[in-house]
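Please take a walk through the fold shown here. Keep the sequence and the model side by side as you read.

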Amino acid sequence: MDCGLSYTKISLHQSLPLTVKTCLSSSTCFVSNNSSFGTSSVGFRRSLFVVATGSSSKCEFGGLNAPLEPATPAGRLLSTLLLNDRKYFHVAVQKQLEKLANERDEAVARMNLSLGTDEAFLHRRIAEVKELECQTSVEDIMYMLISYKFSGIRVHLIPRLSKCMYNGRLEIWPCKDWELESIHSCEVLEMVREHLTSVLGWKEKSNVADNWTPMEVQKFKLCQVYVASVLYGYFLKSASLRHHLEKKLDHINPYLDLARYNQLLLSTIQSLGSEIVPFGCIGGTRSTSVGQIPLLREKKQDKLKYYVMNFDPEMLQMCAKPKSKEALNLIEKHSYALFGDKNTVLVASDDVILTSLASLKRIVLEAIAFGSFLWDAEEYVRTVYKLKEN
């Protein structure tokens, strides 16, 4: 199955609804039942091995050893604060976003004032360059916000996979499964575990031998799984919040007409405050994008899983598709930094790595958490800085 990741470009736009539908279905995605990633030429060996730990392993979990390094002054500043002075982190984020918004607005204002003059072309080019610079800085800020969320559960992002190879074997240790699962509600966690079973063949009561049995996987297919899982985590965050709000509103008054229902939903979103605002604070007056999703007045499913299954294609895309181009770019850049070659930033389609089900589970759980935190970061930034609609 092709989930939209090509050799040189992650084409997420076309694959979003298909990716989410596949992950929700009972059939397996990417992987056959024998957990060999669906390729007859790539199997796995049945033998137990001891995980290499200690100083001999190259996989460096520490500091902000994330696969993607900040490329802008704003990103590097926040990276330093996150490591050394966390209490000023959010203040700095706020100031950096306001600064970028002002710089972009000023460039656009100068461009508009110059219309019809000899300097119009120059100011248009300056505004375009400033727009690109601000976009790159905002993507760095969003990445630092995601790193902040991971640090809050004491989990370090997996470094570039090439740094985690030991004697030709990829092993992620410690697994941090509990921490990565702790961010989800019980209903979301149920769907996360179904996703693990679907894409990896993982079983909840699998034994140690099954978890650490070596298996060969294609790096390109693993990258596809990672991207699909990021999108799934983003989708689950969006859908679960929508479900929560609609249930809360139905409990308040189940007999409202559609117009009043939509109006009251927006009021409910605003009154919930920190319950729905990511990172527990809000820095501006822009509305959260949850309120932009049109509502259909129907009987609500109590269970999230069945609620999601009733989504029509339009609603499915609204919840699954990243709302901003900055979020879309960040998924691409992070995935290529994690899986790609350091020099070419490409994922070779024929590279095969030796790993284990336990490490694959760690990778997929991180991807789902990344998608959930990306949703949070996107919403946080939108309160101060206008992102590009995707």
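Among contacts between residues at least 6 apart in sequence, 85% join residues at least 24 apart. Keep in mind that this is a predicted model. The chain has 390 residues, and buried residues make up 53% of them. Its secondary structure comes to 13 helices and four strands.

Now turn to a pair of helices. Helix α3 spans residues 89-113, and helix α4 spans residues 120-152. Their axes come within 9 Å and cross at roughly 165°. Angles over 145 degrees count as roughly antiparallel, so α3 is roughly antiparallel to α4. The crossing of α3 and α4 is left-handed.

Which residues of α3 and α4 make the contact? From α3 come Phe89, His90, Val93, Gln96, Leu97, Leu100, Glu103, Arg104, Ala107, Val108, Arg110 and Met111. From α4 come His123, Arg124, Ala127, Lys130, Glu131, Cys134, Ser137, Val138, Ile141, Met144, Leu145 and Tyr148. Sorted by class, this contact has 14 nonpolar, four polar and six charged residues.

Next, the aromatic rings. A search of the whole structure finds eight aromatic pairs. One pair to look at is Tyr226 with Phe339. Their ring centres are 5.4 Å apart, and their planes stand at 65°. Planes over 60 degrees apart count as edge-to-face, so this pair is edge-to-face. The pair links distant parts of the chain. Tyr226 belongs to helix α8 (residues 219-252), while Phe339 belongs to helix α12 (residues 325-339). Along the chain, the two are 113 residues apart.

Are Tyr226 and Phe339 buried or exposed? Buried means under 20% relative accessible area. Tyr226 has a relative accessible area of 0%, so Tyr226 is buried. Phe339 has 2%, so Phe339 is buried. Elsewhere among the rings, Tyr232, Phe235, Tyr307 and Phe311 form one aromatic cluster.

Stay with helix α12 and look at His334, which has its place there. At 0% relative accessibility, His334 counts as buried. What does His334 contact, leaving aside its neighbours within four places in sequence? The list is Pro67, Leu68, Tyr143, Leu157, Tyr226, Glu366 and Phe370. Tyr226 therefore appears twice in this account: as a contact of His334, and as the ring partner of Phe339.

Ser335 also has its place in helix α12. Its relative accessibility is 0%, so Ser335 counts as buried. Find Arg160 in the model as well. Ser335 and Arg160 are 175 residues apart along the chain, yet their C-alpha atoms are separated by 9.5 Å.

Finish at Ala337, which lies in helix α12. Ala337 has a relative accessible area of 6%, so Ala337 is buried. Which residues does Ala337 touch, not counting residues up to four places away in sequence? They are Pro67, Leu68 and Arg160. Pro67 is 270 residues away from Ala337 in sequence. In space, the two are 5.3 Å apart, C-alpha to C-alpha. Pro67 and Leu68 are contacts of His334, and Ala337 touches Pro67 and Leu68 as well.

Conventions. Residues are numbered from 1 along each chain as its sequence is written. This is a predicted model: local features need pLDDT of at least 70, side-chain atom pairs count only at pLDDT 80 or more; totals for chains, interfaces and linings use all residues. Side-chain values use heavy atoms; hydrogens and water are left out. Axes are lines fitted to C-alpha atoms, for helices over the stretch in contact, and angles run from 0 to 180 degrees between N-to-C directions. Angles under 35 degrees count as roughly parallel, over 145 as roughly antiparallel, 65 to 115 as roughly perpendicular and the rest as oblique. A crossing is left-handed if the near helix is turned anticlockwise from the far one by less than a right angle, and right-handed if clockwise. Contact means heavy atoms within 4.5 Å. Ala, Val, Leu, Ile, Met, Phe, Trp, Tyr, Cys and Pro count as nonpolar, Asp, Glu, Lys and Arg as charged, and the others, Gly among them, as polar. Rings of Phe, Tyr and Trp (its six-membered ring) pair if their centres lie within 6.5 Å; planes under 30 degrees apart count as stacked, over 60 as edge-to-face and the rest as tilted. Buried means under 20% relative accessible area, exposed over 50%, partly exposed in between (1.4 Å probe, protein chains only).
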